[in-house]
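Here is a friendly walk through the model shown below. Keep the 3D view open as you read, and follow along element by element.

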Amino acid sequence: MVKRITTLLLSAALAAALAGCGSGGATSGGDGTITMGFAQVGAESGWRTANTKSVQESAKAAGVELKFSDAQQKQENQIKAIRSYIQQKVDVIAFSPVVESGWDTVLKEAKDARIPVILTDRAVDSKDTSLYRTFLGSDFIEEGKKAGQWLVDQYKDVKDPVNIVELQGTTGSAPANDRKAGFGQVIAADPKFKIIASQTGDFTRAKGKEVMDAFLKANPKIDVLFAHNDDMGLGAIEAIEGAGKVPGEDIKIITIDAVHDGMQALADGKINYIVECSPLLGPQLMDLSKKVVKGEQVPARVVTEETAFTQEQAKQALPSRKY
Ligand code: GYE
């Protein structure tokens, strides 16, 4: 009888221990090491490269075991990666959703497996916010507004129409949607601002150049280019120079990110204004992950702090720029 009770108690203890594991610790060693599955968007831009480096370096520094995948800008690849992290029973999943919609099913699977999810950099449009614990990243609407505000200030004494072309980021992505919206809201204050062409350049240099080539052929008078990231702006600069025009002079250029090559072009006078978007999300991501795995409360939204640069400010900031 005594033996039977001991066995029962032991199995109860085992069951309790297993249940404990299920609530976020399946692969945790006794030393508290956590395993993170990170589903990255791709390697489309200088921003993304810096972001990947930040995540990898800070995982190492924080003692987080990182399983990393690159989705090559395809949602289906990200969904596959997340499913494989669920199967591997990682402690936490972090990802930067390439587009905003279509995540509910896979996020529900993670929730059912009791694996916490952290959104980093880009948002999802899921109505059910219990599908993820927190969202760490920039305020993209604010970035678009800053870009628009610079334009409004710069052209305040101009009466003539201002013809703007826009290179949008990846179609359906949070930064493309929000930067467009924020910029549009601010320039709507004055009807002289006209967006005469707007198309995606998928956040890459190559597409930025290709689309700008087409814009230049179709539109004899372009005053301003608003590119949703530096890389597309840099591709567009090649197209503008190829067409015999002077970037930064004949066509004023505003971009977003402030990665090294963008800042160099700004300092060189080829770009006129850059709104900063910081890719250095790694340290905060590791911090939030540890808290979430421990079951601690975290804020639902963590917004990155950032600034903006004129040509003069870029010259000063360049030497100490980390990315
Ligand atoms: O601006 C762009 C990158 O999601 C904020 O993605 C990020 C954007 C960034 O490809 O360069």
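## A strand covered on both faces

In this predicted model, strands E6 and E7 run parallel and are joined by seven bridges. One place to look is valine 165, which sits opposite alanine 197 of E7.

How many of the seven residues of E6 are buried? Seven of the seven are, so E6 is largely enclosed by the rest of the structure. On one side you will find Val162, Ile164, Glu166 and Gln168, and on the other Asn163, Val165 and Leu167; all are buried, so to put it plainly, E6 is covered on both faces.

## The mixed sheet

E6 belongs to an open sheet of six strands, ordered E7-E6-E8-E9-E10-E12, and the pairing in this sheet is mixed. The edges are taken by E7 and strand E12 (308-309); each has a single partner strand, so one side of each is left without a neighbour in the sheet.

At the E12 edge, two bridges link E10 to E12, and these strands run antiparallel. Valine 275 has alanine 308 in E12 as its bridge partner. Helix H9 (residues 260-267) packs on this sheet, where it touches E10 and E12, and its direction makes about 150° with that of E10.

## Helix H5 and its buried side

Helix H5 spans residues 140-154, which is 15 residues. From first C-alpha to last it reaches 21 Å, close to the 21 Å expected at 1.5 Å a residue.

Which residues of H5 are buried? They are Phe140, Glu143, Gly144, Ala147, Gly148, Trp150 and Leu151. These residues cover an arc of only 150° around the axis, which puts them on the same side of H5. As background, an α-helix has 3.6 residues a turn, so residues three or four places apart point the same way. The buried residues of H5 pack against strand E6 (162-168), helix H6 (174-187), E7, E8, strand E9 (252-257) and strand E10 (273-276).

## The parallel sheet

Now turn to another open sheet. Six strands form it in the order E2-E1-E3-E4-E5-E11, with parallel pairing. Strand E2 (65-70) and strand E11 (301-303) stand at its edges, each with a single partner strand, so one side of each lacks a neighbour in the sheet. On average, neighbouring strands of this sheet are turned by 20° against each other, direction ignored.

Strand E1 (residues 35-40) runs parallel to E2, and six bridges join them. Here phenylalanine 38 stands opposite phenylalanine 68 in E2. H3 packs on the sheet and touches E1, E2 and E3, with its direction at about 170° to that of E1. Helix H10 (residues 282-294) lies across E1, E3, strand E4 (117-120), strand E5 (134-137) and E11, running at about 160° to E4.

## Two loop residues with positive phi

Lysine 89 is not a glycine, yet its phi is positive, at about 55°. You can find lysine 89 in the loop between helix H3 (75-87) and strand E3 (92-95).

Phenylalanine 203, also a residue other than glycine, has a positive phi near 65°. Its place is in the loop between strand E7 (193-200) and helix H7 (205-218). Is phenylalanine 203 buried or exposed? Phenylalanine 203 is buried, because its relative accessible area is 3%, under the 20% cut-off.

## How far to trust the model

The protein chain has a mean pLDDT of 92, with 90% of its residues at 70 or more. Among the elements, strand E8 (residues 224-227) has the highest mean pLDDT, 99, and helix H1 (residues 2-22) the lowest, 40. Over residues 1-27 the pLDDT is below 50, and this stretch has 16 contacts in the model beyond near neighbours in sequence. Where pLDDT is low, the predicted coordinates should not be read in detail.

How values were computed
Residues numbered from 1 in each chain as written. Predicted model: local features only at pLDDT ≥ 70, side-chain atom pairs only at ≥ 80, totals over all residues. Heavy atoms only, no water. Helix = DSSP H or I, 4+ residues; strand = E, 2+ residues; numbered from the N terminus. Buried < 20%, exposed > 50% of the residue type's maximum accessible area, 1.4 Å probe, protein only. pLDDT = per-residue confidence, 0-100. Contact = heavy atoms within 4.5 Å. Pairing = 2+ DSSP bridges. Axes fitted to C-alpha atoms, helices over the stretch in contact; angles between N-to-C directions. Expected span 1.5 Å × (residues − 1). Arc of directions from axis to C-beta.
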